[in-house]
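Trainee: I have a model open and would like to go through its ligand site with you. Could we take it step by step?

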Amino acid sequence: MLEKIRDIITHINSFQAESSEEVENFRLKFLSRKGELNLLFDEFKLVANDQKRVVGQELNALKNLIEEKFKELSEKVNEGAGNNTRLDLDLSLPSTPNSLGSLHPLSIVRKRIVEIFSRMGFNSEDGPEIESDWYNFSALNFAENHPAREMQDTFFIEKAAVQKDDILLRTHTSNVQIRLMEYKKPPLRSIMAGRVYRNEAISARAHCQFHQVEGLYVDKNVSFKDLKDTLLHFAKEMFGKDTKIRLRPSYFPFTEPSAEIDVTCFICHGKGCNICKHSGWVEIAGSGMVDPDVLKNCNIDPEEYTGFAFGMGIERITMLKYGINDLRLFFENDVRFLRQFKGA
Ligand code: PHE
């Protein structure tokens, strides 16, 4: 038996453990109820009396050694975990890449537009998407049965007895103009971005929802030249300093005179390409001087105040800017599409 004890002592002295599993195996092997130490103590009972003293001493020494070794191994492994020096943790391995999200392209362009106007003193305003006919149409001078109402393909939520009380999804952001002029008095210089809805069949070129940015400036002596200069400055900031703008006469019930704003094609710089249909110009906004009747609808005296307004489609500008040819991509949330705008 003495020999067996000494063998174990040699084994323990040279034993090393690198992980907590190995330490646990050590404990099971030597210190558990059926472990080697207990077996030896059982065996000890059978040792001849004259041998008991010597073997007993050796056995006790072994017991102390095993307990100390176990303590030492546990400490070593735990300490290792704290210092990250455990061998089963390889710090030189490349880490799993963290994939960063990106802003939606429409958000990127909306933020840029709002930022440019905010530097010109326009504050951001917001309005409801569920709106009454009054704010979406009537106050904006859309006469009852005016064909322009038809053109807007409205989604109605509730039809009322009086047309101006119908509840609908706003078809443009111009409703916020009215709300602003009603609740705040001039001088007003605001930019309003938001989602709008039209009952159109979904295709590459049309959707039932899209986004607009509306601008409104009402004060004493606001002129058509202010409108033109403001939009020219915007176009240069947005598309590059060589950009020119062109105003084409147009019609909106709530502005008079009205103009469509074109910018020189920022893809071909006026040479002619598919995007500008070889004209060198692309349309980006509708605009005009606020119609005096609209000012009156909002209790603003048109003799004292004048103003201009404009509205542009965020999808359209985004498509032009990034060469996107299908409107549906904006609403499908396909990460393969969205991923391309990282860092933009
Ligand atoms: N609301 C118009 C549209 O949706 C755009 C516009 C806004 C035109 C403001 C003139 C002034 O087409």
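**Around the ligand**

Mentor: Of the 14 residues around the ligand, those that come nearest are H172, S174, R198, Q212 and E214, where near means a heavy atom within 4 Å. This is a predicted model, in which local features need pLDDT of at least 70, side-chain atom pairs count only at pLDDT 80 or more, and totals for chains, interfaces and linings use all residues. Residues are numbered from 1 along each chain as its sequence is written, and side-chain values use heavy atoms, with hydrogens and water left out.

Trainee: Happy with that! How far is a polar side-chain atom of R198 from an oxygen atom of the ligand?

Mentor: A polar contact is a pair of N or O atoms within 3.5 Å. H172 places a polar side-chain atom 3.0 Å from a ligand nitrogen atom, and an N or O atom in the side chain of S174 is also 3.0 Å from a nitrogen atom of the ligand. For R198, the partner is an oxygen atom of the ligand, and the distance is 3.2 Å.

Trainee: Nice. Which element gives the most to the shell around the ligand?

Mentor: Elements here are DSSP runs: helices (H or I, at least four residues) and strands (E, at least two), numbered from the N terminus. Those giving two or more residues to the shell are α8 (174–183), β6 (209–219), β9 (281–290) and β10 (306–313). With three residues, the one that gives the most is β10.

Trainee: One last thing, away from the ligand: which residue in β4 is the bridge partner of E158?

Mentor: Strands pair if DSSP finds at least two bridges between them. Two bridges join β3 to β4 (residues 167–169), and these strands run antiparallel. The bridge partner of E158 in β4 is I167.

Note on methods. Polar contact = N/O pair within 3.5 Å; in protein donor to acceptor, adjacent residues only side chain to side chain.
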